[in-house]
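Work through the exercises below with the sequence and the 3D structure open beside you, and try each task before reading its solution.

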Amino acid sequence: MKTPFITKEKVEEIVKTYPTPFHIYDEKGIRENARALNKAFSWNKGYKEYFAVKATPNPTILKILHEEGCGTDCSSMAELVMSERAGIVGNDIMFSSNDTPAEEFVKCAELGGTINLDDITHVDFVYNALKGAKMADPAASGKMPRKMSCRFNPGGVFTLGKSGEGFQVMDTPGDSKYGLTEEQIIEAYKKLSELGVEELGMHAFLASNTVTNEYYPTLAGILFELAVKIQKEAGVKLSFINLSGGVGIAYKPDQTPNDIAAIGEGVHKKFDEILVPAGMDDVSIYTELGRFMLAPYGHLITKAIHEKHIYKEYIGVDACAANLMRPAMYGAYHHITVLGKEDAPCDHVYDITGSLCENNDKFAIDRELPEIEKGDYLAIHDAGAHGFSMGYNYNGRLWSAELLLRENGDVTEIRRAQTLDDYFATLDGFWDVEV
Ligand SMILES: *Cc1c(COP(=O)(O)O)cnc(C)c1O
């Protein structure tokens, strides 16, 4: 059973000021979840979550998480600048990018962030980019950042925990574009040390949206073993290990959500088994969660505006894949609640569609739902991460507003809806639209 964090009455009040469709985030849920995460890793002195900005790139959200002790994980110029303008700089920035333009490495170094390298050739690339750069702080010019890390790719296939139906998690690092091989990572660390980098770290992201408490502990085990081996054989000392993102959420009502306390304990156990005996008990653990931090605490609220009966039953809503692309792109399941009909029997079967001229623009296919009437409001669940942020303007569909449900029940607009003027703004003077 999935319950929305908002009622029909509240939505009816909100739409008087902010029409549908809109994304709305639950501040209370976000804060409580961040606190639970920090508590789960409180056994580790240097623990820090760097929120993956790409999941929900909104400065108000970044600030809320920063108040809860989180930094930002950026991977583009816009994400770095957003973090900077939200007042999150220095050691609170992790830059885990790939295929990165030189000016973005320079920007990260200027902000004092930690650069996480995606390839062995990027050691020289960053060195050369910084050598030629005039930094705001002349003392920092030409120097490598104090803290840097490398992304590890073990290759092959990553599997985890056989359940009845096969593996719980299976991903193929061997086919993924990211990271360095073991041999390369050792060489990169040696080079970085020679270039004056003081603190070195290791990062890996092997599977996405894992719904099992075993993913992080298993990944931690792999990275801890490698860290010990590298220290023993190559004399490279690591000061942090970044488990990155990938802890998932239960999109479907019959899934058991991850237990973050159990996940933290699982990593703790591996830490005690592997790092502590090797005398590496001062290693800091970092995470770069996106989905886990925000997805459940965002709804896309949309209104039913059409019903159509042909070979199937369709409900047309005023949002479309441009507002939430995961169902169209991945066939992803997003739970839907018809607000005010939470307890009504699900005795109808609908496709819930958006307006794009693409037949994959469906938020749900053959979904059992209560009878939907025109004017009903639908809450599309788990849209708080990789939701608004993946929006696009296909068919000239505009981005919706983002709203924040405050802990005291107030609603604040934290990003206005896009207008036609915004949409035409890059056509340099050809359009002067008044709307
Ligand atoms: C996408 C991404 C994340 C966040 O992933 P989630 O699945 O949202 O937790 C973290 N780090 C990097 C480098 C990423 O690309």
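**Exercise 1. Locate Pro21 and describe the peptide bond before it.**

Pro21 is found in the loop between α1 (8-14) and β1 (22-26), where helices (H or I, at least four residues) and strands (E, at least two) are DSSP runs numbered from the N terminus. Residues are numbered from 1 along each chain as its sequence is written. The model is predicted, so local features need pLDDT of at least 70 and side-chain atom pairs count only at pLDDT 80 or more, whereas totals for chains, interfaces and linings use all residues, and side-chain values use heavy atoms, with hydrogens and water left out. Turning to the bond itself, Thr20 and Pro21 are joined by a cis peptide bond with an omega of about -5°.

**Exercise 2. Find Asn209 and state the sign of its phi.**

Asn209 belongs to the loop between β9 (199-203) and α8. Its phi is positive, at about 45°, although Asn209 is not a glycine. As background to both exercises, most residues other than glycine have a negative phi, and most peptide bonds are trans.

**Exercise 3. Classify the pair formed by Phe158 and Tyr215, and say what it ties together.**

Rings of Phe, Tyr and Trp (its six-membered ring) pair if their centres lie within 6.5 Å, and planes under 30 degrees apart count as stacked, over 60 as edge-to-face and the rest as tilted. This rule gives 13 aromatic pairs. For Phe158 and Tyr215 the centres are 5.9 Å apart and the planes make an angle of 85°, an edge-to-face pair. Because Phe158 lies in strand β7 (residues 158-163) and Tyr215 in helix α8 (residues 215-234), the pair ties together parts that are 57 residues apart in sequence.

**Exercise 4. Which polar atoms of Lys54 and Ser244 lie by the ligand?**

Polar contacts here are pairs of N or O atoms within 3.5 Å. A polar side-chain atom of Lys54 lies 2.7 Å from a ligand oxygen atom, and one of Ser244 lies 3.2 Å from a ligand nitrogen atom.

Key. Polar contact = N/O pair within 3.5 Å; in protein donor to acceptor, adjacent residues only side chain to side chain.
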